[in-house]
Amino acid sequence: MFVNLITGQEYSLTKENPSLEKIFVGLGWDVSDDAQSVYDLDASAFLLDATGRVSAAPDFIYYNNLEHPSGAVVHTGDNRTGEGEGDDEAITVDLAAVPENIEKILFTVSIYEADERGQTFGQVKNAYIRFYDEEEGELFRFDLGEDFSNETAVVFGELYKKDGEWKFNALGQGYQGGLVSLSLRYGVFKKK
């Protein structure tokens with residue numbers, strides 16, 4: 001059964017779909033018609049341990065690191081223009097292969113070179129994240145309806161395991177500083 005989530009709402013993936021093993025995470029967006037330049041948005045996944053940070057660089061999945069060593073999380077590739085219908089970028093998650101030390105998987109979208117280009121999410125519209133399964137079809141969708149006029153990165157939500165169940169929490173949190181600020185926040189880069 002398809003569900004449309006709102007900010008702060010949770011969805012229990014495996015309670016609703018006990019046989020679920022591999023999920024597809026589609027992320028999409030459009031750029032406003034009045035945008036002055038081409039926007040390159042990038043989907044990323046941060047695999048977080050109990051500290052709420054990545055324990056090593058391979059736990060950060062993005063356009064330069066498309067696959068986790070476990071094979072549990074795979075980014076299907078960078079779409080530099082976002083043109084066309086449907087998902088702009090996608091990430092697959094094999095729930096059974098997620099390492100035991102990973103407690104959450106954070107899904108984010110950031111604008112490439114946003115500061116240099118003077119770009120923000122204020123020019124991005126129709127942004128969403130959706131989870132789907134090959135057999136069940138689309139399970140849920142979270143439309144980012146907020147206006148992030150000053151932000152250059154957005155955490156769409158987190159997938160986490162609690163009491164043996166996989167759940168998703170729709171966060172919709174915006175950040176300035178793009179992918180670099182998220183990487184610092186979640187431990188990919190260390191502050192100098």
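## Two six-stranded sheets, their ring pairs and two pockets

E158 has N169 of strand β12 standing opposite it, and N169 is in turn the bridge partner of E10. In this predicted model, N169 can serve as a starting point for following the strands from one partner to the next.

**The antiparallel sheet.** Strand β11, residues 153-162, runs antiparallel to strand β12, residues 165-175, and nine bridges hold the two in register as a pair. These strands form a hairpin with two residues between them, where D163 adopts a positive phi near 50 degrees. Beside this turn, K162 faces E165 of β12. On another side of the pairing, β12 is joined to β2 by three bridges, again in the antiparallel sense. The wider arrangement is an open sheet of six strands, in the order β2-β12-β11-β8-β4-β5, with antiparallel pairing. Each of the edge strands, β2 and β5, has a single partner strand, so one side of each is left without a neighbour in the sheet.

**The mixed sheet.** Six strands also make up an open sheet with the order β1-β10-β9-β3-β7-β6, and here the pairing is mixed. Its edges are formed by β1 (3-5) and β6 (73-75), each of which pairs on one side only. From one strand to the next, the twist averages 20 degrees. Parallel pairing is found between β1 and strand β10, residues 137-143, which are joined by three bridges; within this pair, N4 has R141 of β10 as its bridge partner.

Where does strand β3 lie in the order of this sheet? It stands between β9 and β7, and both pairings are antiparallel, with six bridges to β7 (residues 89-94) and seven to β9 (residues 124-133). F24 shows both contacts at a single residue, since it stands opposite T92 in β7 and also opposite Y132 in β9. Strand β3 covers residues 22-31, and seven of its ten residues are buried, so the strand is largely enclosed by the rest of the structure.

The strand pairs described above are set out here.

| Strand pair | Direction | Bridges |
|---|---|---|
| β11 and β12 | antiparallel | nine bridges |
| β2 and β12 | antiparallel | three bridges |
| β3 and β9 | antiparallel | seven bridges |
| β3 and β7 | antiparallel | six bridges |
| β1 and β10 | parallel | three bridges |

**Aromatic pairs.** Eleven aromatic pairs are found when the whole structure is searched. One of them joins Y11 and F140, whose rings are tilted at 45 degrees between the planes and lie 4.9 Å centre to centre. This pair links distant parts of the chain, with Y11 in strand β2 (residues 10-12) and F140 in strand β10, 129 residues apart. Strand β2 belongs to the antiparallel sheet and β10 to the mixed sheet, and both Y11 and F140 are buried.

How are the rings of F46 and F60 arranged relative to each other? Their centres are 4.7 Å apart and their planes are at 25 degrees, which is under the 30 degrees set as the limit for stacking, so this pair is stacked. F46 lies in strand β4 (residues 41-48) and F60 in strand β5 (residues 60-61), 14 residues apart, and the pair links distant parts of the chain. F46 and F60 are both buried. They also belong to a cluster linked by ring pairs, in which F46 and F60 are joined with Y62, Y63, Y112 and Y186.

**Pockets.** The largest pocket has a volume of about 270 Å³. Its lining is made of 18 residues, of which Y63, E113, G178, L179 and V180 are the closest to the centre. Two or more lining residues come from each of the elements β8 (104-111), α2 (114-117) and α3 (178-185), and α3 contributes the most, with four residues. Sorted by class, the lining holds nine nonpolar, five polar and four charged residues. Y63 therefore has two roles in this description, as a member of the ring cluster and as one of the residues closest to the centre of the largest pocket.

The second largest pocket holds about 190 Å³ of space. What lines the second largest pocket? The residues are N17, S19, L20, E21, K22, F24, D133, E134, E135 and E136, and by class they comprise two nonpolar, two polar and six charged residues. F24 appears in this lining as well as in the bridges of β3, where T92 and Y132 stand opposite.

Notes. Residues numbered from 1 in each chain as written. Predicted model: local features only at pLDDT ≥ 70, side-chain atom pairs only at ≥ 80, totals over all residues. Heavy atoms only, no water. Buried < 20%, exposed > 50% of the residue type's maximum accessible area, 1.4 Å probe, protein only. Pairing = 2+ DSSP bridges. Axes fitted to C-alpha atoms, helices over the stretch in contact; angles between N-to-C directions. 1 Å grid on protein atoms, 1.4 Å probe; cavity = no way out; pocket = protein on both sides within 12 Å on 5 of 7 lines; lining within 4 Å. Points joined across faces, edges and corners; volume = space filled by probe spheres on them. Nonpolar A, V, L, I, M, F, W, Y, C, P; charged D, E, K, R; others polar. Phe/Tyr/Trp six-rings, centres within 6.5 Å; stacked < 30°, edge-to-face > 60°.
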